[in-house]
Structure formats: structure tokens, C-alpha cells
Protein chains: 2
Amino acid sequence: MTKWLNRLIKPNTQMSEKEKINTEEKILQAAEEIFVKDGHSGARMQQIADKAGINKSLLHYYYRSKDKLFSTVFKFIFSKLASDIMNIFDSEEDIFGKLEKFIENYLRILMKNPIIPMFILNELNKKGNNLATIIIKGSNINLNKFEEIIQKEIDAGNIKNINPKSLIINILALCVFPIIGRPLTEEIVFNGDTKKYDEYLGQRKDEVFAIIKSTITIEK
Amino acid sequence: MTKWLNRLIKPNTQMSEKEKINTEEKILQAAEEIFVKDGHSGARMQQIADKAGINKSLLHYYYRSKDKLFSTVFKFIFSKLASDIMNIFDSEEDIFGKLEKFIENYLRILMKNPIIPMFILNELNKKGNNLATIIIKGSNINLNKFEEIIQKEIDAGNIKNINPKSLIINILALCVFPIIGRPLTEEIVFNGDTKKYDEYLGQRKDEVFAIIKSTITIEK
DNA sequence: GTCTATAAATTGATAGAC
DNA sequence: GTCTATCAATTTATAGAC
């Protein structure tokens, strides 16, 4: 009987639950850092073991295979980001205030974790990736609520009659692209001036909101 | 003396120039397909050789190493895309017509090569990638011309006094994101309905232009 | 130029002692 | 649970025949 199977059947027989979690957590944190930086195929199990300060065998003891470990990490990261995003809607303001807060918070999260979106999008674009669909469906991402809010505002005559789906995509596009496209845009638009690009990102939220606002405001 | 060095010194001594180009071209096309699909670390030299219908050794004969081959491919793809984009400006219309044509053609190019932008952005985001900066600088991408055109229109009072750099970034964002974010947006916004997403992309150009137009139009 | 054969190094994964 | 040792398969790259 293999060890990982044995562990599944009789877990934690020789070590306290706390210590076990510590090691598992250490592995997860190291794996998160390496996978996000180098992607699934670029990451090496040895790298992860080194970063976690443990032996390579322990990775297999806890996660059986590289794919299993990756799945766990991806799901963890995606869920965390999705959760952060969904929590943004807990605002008591009107639709304009809600959107402004959303854009502001979303951009803040992205800027605090600038390499996460590229990691996620890159892996989602891998061909034959059923994992993606499964994880997305399993996440608590639910945009129906958002679409309903928008539709209600349209019906009430508070905003222009636009496509709620378009509104979502436009907000995501305007927020995400300056982050994932940074190496390109910083070079060809800002001539490689990192400081200037940071300044630009700092006021990006006002720009994005102004654009979104103009797309939903009814002309008088 | 190694073979590749010998070839650099005395190229094409035993085979006609035409045949040589054919083989080199075959390798390049195969490498392009594989690298774009799987990325640098995900691609395998054997895959490329198989696709090119030649032996693995020939890859090294022509390109010495995987990195060299990748650099060649990346530069080739980036230059082609950059060239396509720059050619879009050859329009004789007014600024609104120019922008509309640009958005329309850019989106058409992206939709015809939907996995190219993710390939480029992903590799550019790799840490310690001097290659990126070098290739970008070596390309014929020149946005100064674009910024000048915009500034001239602003000075002439034809459009609003906006930041030309923002205009560029917003156009790129609104065009590129629906392509590279497709696996995500198709799932969480269109509930996995591929047909609906294709329809959406088909009219995306009108949407993007409407937004861009509204950001530069002077209110009366 | 193109091939076969193989080196040399890496990597994911397992066995088994403690 | 954690370690050492090692396997088996893969992968880049080279040597050498033709």
C-alpha cells in the first residue's frame, strides 16, 4: 500500500494536527509563490521544496503529484481573488457609488497582486484545461447578482439602457489590462519610465470610473 | 569545430539556397505553432521536430539551442503583429474615422490570431526577461506618431483635452481583454455559451468605438 | 544538410529506513 | 511525518556516419 493512500485512510496518526497543518501550509505558500511566478510547466518541484524548507518527497507525501499540488494552489488563489471581488459589492451607495467603489477596490487588489491575473489567465488559456471550468463553476463568483442590479437601474431610468454584460467586461478590461500589459505598455507608451507608470496607475481608478460613468449616464 | 559554427562561417555549401530556406522556414513555422500554444517552458523540441517533419538534431543545427529558436520565433511573431498594427494608421479619414478603422482592424487581427496576445504578454511578464525590452525596442512600434496626431487634434479643438497615453491604453485594453480573458469571461459572464460569445465579439468593434468616441467628444 | 545514436543533465515520483 | 537514496522517464544537446 502506498504512503499517500495510507495517509488518506489513517491520517495524522503520528503527528499533531497543528504541526501537520504547519507543514502543509508551508508547502502551499511555497508552491503558490513558485507556480505564480513560473507557471505550471515552468515550476519545479525541487524549487518548491527548497522554498518550503523541506524535502522533495514530502511534496508527494502531501499532494501525491505535481498536478494535484497545482490544482490545489490554483483553486486556492482563484477562490481568494474571487472572494475579494465579490465582497466589493457590499456597499450601500447608489449605482454610481457602487461602481466607483468596485473599480477602486478591484484596482487596489490587482495592484497589490500584479502577477496573479496573468497567472490565472495564462493557465485558463491552456488548451484542454477542464480544471479551469471546474474551478470557476465551483467558485463563489456569481455575476447574476450584478447583472440584476444593473437591469433594475435601467428599468428605473437611472442609467442608460446598456448591456450589463458589456459593462462588466469593460470594467474588467480597463482595470486588468494596465496590470498584465504593463511590460508592453510601460515600454511602448511610457518609454520604460517605471516611476511614471506607477504614477499613472495611481490615478487610473479615476480614469476608469470616468469612462464607465460616461457609458451609463443618460444625456440631458 | 562544431557544425553550427561551421555553418555560420561557410553557409550553404552543399545545398541550394532555396532548399535551405524551405527547411529553415518549416522549422520556424512549426516552432511558432508549438511555442505559441505551449509557451517557452511548455514546448518540447521533439514536438517541434515532429511538426516540421524533420529530425530533432536539425533544430540545433539551424538554431543551436532552444532559447535561440524561441528568441527567433518571438521576435518574428512580435514584429509581424507590430507591423500589422502600425499599418492600420494609413487611413486618410478624420480622427474619428482613423480611430474607428484602427479599432476595427485591430480587433479583426486579434480575432484571427486569438492566442497570440496571450503568448506575447505571458512571455513579456516573465521575470528577468531582457529579451522583451530588446525586441520591443528593436521593433518598428512607434506610438509617438499616434500621440502627435492626437495632440494636434486637441490643439485644433476637434477633440477633448485628454491624455493621449490613456487613449492608447484604453483602446488596447478594450480590444485585447475580451480575447485573452475569453476563458474567464465566456464562463462567468456568458455562462459558457461559446456561440453567444462569438456573436458578442462580432459586434465588439462598435461597442469599443462608441466608448472611445465618447471619451474624446466635446460636449456641446 | 540530414540522419542515428547517445551523452548528460534534469525531473517527477517511489521505496524504505527511522 | 520526514529523510536519503534511487528509479524511470524525459529532455536538451552533441558526436559522428553518410
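Here is a short conversation about how chain A and chain B meet in this predicted model.

Me: Happy to look at this with you! How many residues does each chain give to the contact?
Reply: Residues are numbered from 1 along each chain as its sequence is written, and chains are lettered from A in the order in which they are written. Totals for interfaces use all residues, whereas side-chain atom pairs count only at pLDDT 80 or more and local features need pLDDT of at least 70. Taking contact as heavy atoms within 4.5 Å, chain A gives 41 residues and chain B gives 41 residues.

Me: Nice. What share of the buried area comes from carbon and sulfur atoms?
Reply: Buried area is the accessible area (1.4 Å probe) that two parts lose on being put together, summed over both. Between chain B and chain A that area is about 4000 Å², and the share from carbon and sulfur atoms is 72%.

Me: Which element gives the most to the side of chain B that touches chain A?
Reply: Helices here are DSSP runs (H or I, at least four residues), numbered from the N terminus. Elements that give two or more residues to this side include helix H2 (17-42), helix H8 (130-138) and helix H10 (164-180) of chain B. With twelve residues, the one that gives the most is H10(B).

Me: Lovely. What relation superposes chain B on chain A?
Reply: Copies are superposed by least squares on the C-alpha atoms of residues with pLDDT of at least 70 in both. A rotation of 180° with 0.0 Å of shift along its axis does this, at RMSD 0.1 Å. The relation is therefore that of a two-fold axis.

Methods. Side-chain values use heavy atoms; hydrogens and water are left out.
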